[in-house]
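I opened this notebook to keep track of what I looked up. The entries follow the order in which I took up each topic.

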There are 2 protein chains.
Amino acid sequence: MSTKDKILDAAEELFAVKGFNGTSLREITSQAEVNLAAVNYHFGSKKELIKAVMSRYMNELAPNLEKALLAVYEKEQIDLKEVFTAFVQPLLSLNQFRENGTSNFLQLLGRGYTDSQGFLRWFLTTQYPNVIAYFVQAVQKAYPELTPEDMFWRLHFTMGTIVFTMSSSDALLDIAESDFEKQLEIEHLIEQVIPYIAAGVAAPLS
Amino acid sequence: MSTKDKILDAAEELFAVKGFNGTSLREITSQAEVNLAAVNYHFGSKKELIKAVMSRYMNELAPNLEKALLAVYEKEQIDLKEVFTAFVQPLLSLNQFRENGTSNFLQLLGRGYTDSQGFLRWFLTTQYPNVIAYFVQAVQKAYPELTPEDMFWRLHFTMGTIVFTMSSSDALLDIAESDFEKQLEIEHLIEQVIPYIAAGVAAPLS
DNA sequence: GTTCAGTTTAAACGTGCGTTTAAAATAGCT
DNA sequence: AGCTATTTTAAACGCACGTTTAAACTGAAC
């Protein structure tokens, strides 16, 4: 495996667990068993490394997500839950792309939103605008009474739910397992969250 | 104003905007116009300062919150929305306690959850267990069909929504204001979020 | 006026960070 | 084999951080 890939793999894992700010290049290169300077040689800077880690996933995920969301949009009648369910398969298929792919990616997403003040928001909206556009389209068609302003807020609330849940998903799953004494996986978490956010977005207008 | 209070005020403001990790003691003491060493003299360490900032709010908030939640619990019939609405007055009254109190506190809450890996969760559950207990009690009475496991997940999702929304509330309100061309306040955000989380927690069981 | 606990101050300490440097090692090509 | 471009390496750089030190200052008590 190339030095570049070794760095990407180690960085992905550590970033997911400890956040971007909380992970040093020394930890990454130590876990990857490469020289410290290799990060700056291959990626230029820590910030570029973060982008590279995210891009590896987004380039895999975005086409699948766009396809799934468009498919939902084409339907005559859309249930809001279908819109959110459209995310499930593309996300779960990340497990075939990389080991622990789904969980790692979602955690990275969470880290990116809460760590480096808005950088990831910029990255996603500028680099992958179609995903967001198709998603909004589908929600609008499923729930046309929703005003743009209500939509704005509810989608941000939804983003918050996802992002927070996923960035602390390891801890949550641990607590839940010890509390309820059964083994839980990320799929279980996804199953739980979809009805919640679908109901939230579909809440009656005041 | 005492040095201690000057430090607490400056720290609160900076922590809310830039997070705990993102704020250095030098920034705090510079804004407070006190000597750098004063933090360690008066508080012992940065971690203790963080606790002190949070405690100042929680000691004010916790009694009001407990009272409001107990009042809801005493009712014969509880609508879930009432449980969440019980938070509103105690939270808004923080604005009389300190300028920008509501917004600062909610942002701090968000920072605390996503910054320092679980420290705030420990702090809240051990130092203010009644708030959480009364809240769970009320939800349970409002929606008795909810199993403990479903309750567990939905309350964490709710926490995520609140915490994420509030930790980025300044940015969100800015975007919303420029998009919809009207002036928005934190109260507006609270109005929006309550139907969302109430519907989420009340979602039908699958 | 002296004493003394409490407070403030400037300076320094040690540590860990991201990044840079320049030499050494490696791999590809003729 | 010899040259060249790429990659790896050890070491150091400069900086910012939280914390500690010890001296200077303050204000009330006697």
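**Entry 1: an arginine in a loop**

I began with A:Arg98, which is found in the loop between H7 and H8 of chain A. Helices here are DSSP runs of H or I with at least four residues, strands are runs of E with at least two, and both are numbered from the N terminus. Before going on I noted that this is a predicted model, in which local features need pLDDT of at least 70 and side-chain atom pairs count only at pLDDT 80 or more, while totals for chains, interfaces and linings use all residues. I also noted that residues are numbered from 1 along each chain as its sequence is written, that chains are lettered from A and ligands numbered from 1 in the order in which they are written, and that side-chain values use heavy atoms, with hydrogens and water left out.

Which residues does A:Arg98 touch, not counting residues up to four places away in sequence? I found A:Asp9, A:Glu12, A:Arg56 and A:Tyr57; contact means heavy atoms within 4.5 Å. With A:Asp9, A:Arg98 forms a salt bridge whose closest N and O atoms are 3.3 Å apart. The term stands for a side-chain nitrogen of Lys or Arg within 4 Å of a carboxyl oxygen of Asp or Glu. This pair links distant parts of the chain, since A:Asp9 sits in helix H1 (residues 3-18) of chain A and the two residues are 89 apart. Searching the whole structure, I get 16 salt bridges over all chains.

**Entry 2: what the record says**

I checked UniProt next; its positions are given in the numbering used here, feature names are shortened, and annotations may be inferred rather than shown by experiment. The unreviewed entry places "domain: HTH tetR-type" at residues 1-61 of chain A. That span is 75% helix and 0% strand, and its end C-alpha atoms lie 23 Å apart. The unreviewed entry also places a "DNA-binding region" at residues 24-43 of chain A. Over residues 24-43 I read 70% helix and 0% strand, with 15 Å between the end C-alpha atoms.

**Entry 3: DNA strand C**

Which residues come nearest to DNA strand C? Of the 15 residues around the strand, they are A:Leu25, A:Arg26, A:Lys46, B:Thr3 and B:His42. A residue counts as near if one of its heavy atoms lies within 4 Å of the strand. Of the strand C atoms within 4 Å of the protein, 45% belong to sugar or phosphate and the rest to bases.

I then looked at single atom pairs. A polar side-chain atom of A:Arg26 lies 2.7 Å from a base nitrogen of strand C. For A:Asn40, a polar side-chain atom is 3.3 Å from a phosphate oxygen of strand C. On the other chain, an N or O atom in the side chain of B:His42 is 2.7 Å from a phosphate oxygen of strand C.

Helix H2 (25-32) of chain A and helix H3 (37-43) of chain B each supply at least two residues of the surface near strand C. H3(B) gives the most, with three residues. By class I have five nonpolar, seven polar and three charged residues near strand C. Here Ala, Val, Leu, Ile, Met, Phe, Trp, Tyr, Cys and Pro count as nonpolar, Asp, Glu, Lys and Arg as charged, and the others, Gly among them, as polar.

**Entry 4: DNA strand D**

Around DNA strand D there are 15 residues, of which A:Thr3, A:His42, B:Leu25, B:Arg26 and B:Lys46 come nearest. Sugar and phosphate account for 46% of the strand D atoms that come within 4 Å of the protein. Phosphate oxygens of strand D lie 2.7 Å from a polar side-chain atom of A:His42, 3.2 Å from one of B:Ser24 and 3.3 Å from a side-chain N or O atom of B:Asn40.

**Entry 5: chain A against chain B**

Lastly I looked at the two protein chains, where 38 residues of chain A are in contact with 38 residues of chain B. A:Phe157, A:Phe164 and A:Tyr196 lose the most area on the chain A side, together 23% of what that side buries. Buried area is the accessible area (1.4 Å probe) that two parts lose on being put together, summed over both. I count two salt bridges between the chains. B:Glu149 forms a salt bridge with A:Lys182, the closest N and O atoms being 3.0 Å apart.

Terms used: Polar contact = N/O pair within 3.5 Å; in protein donor to acceptor, adjacent residues only side chain to side chain.
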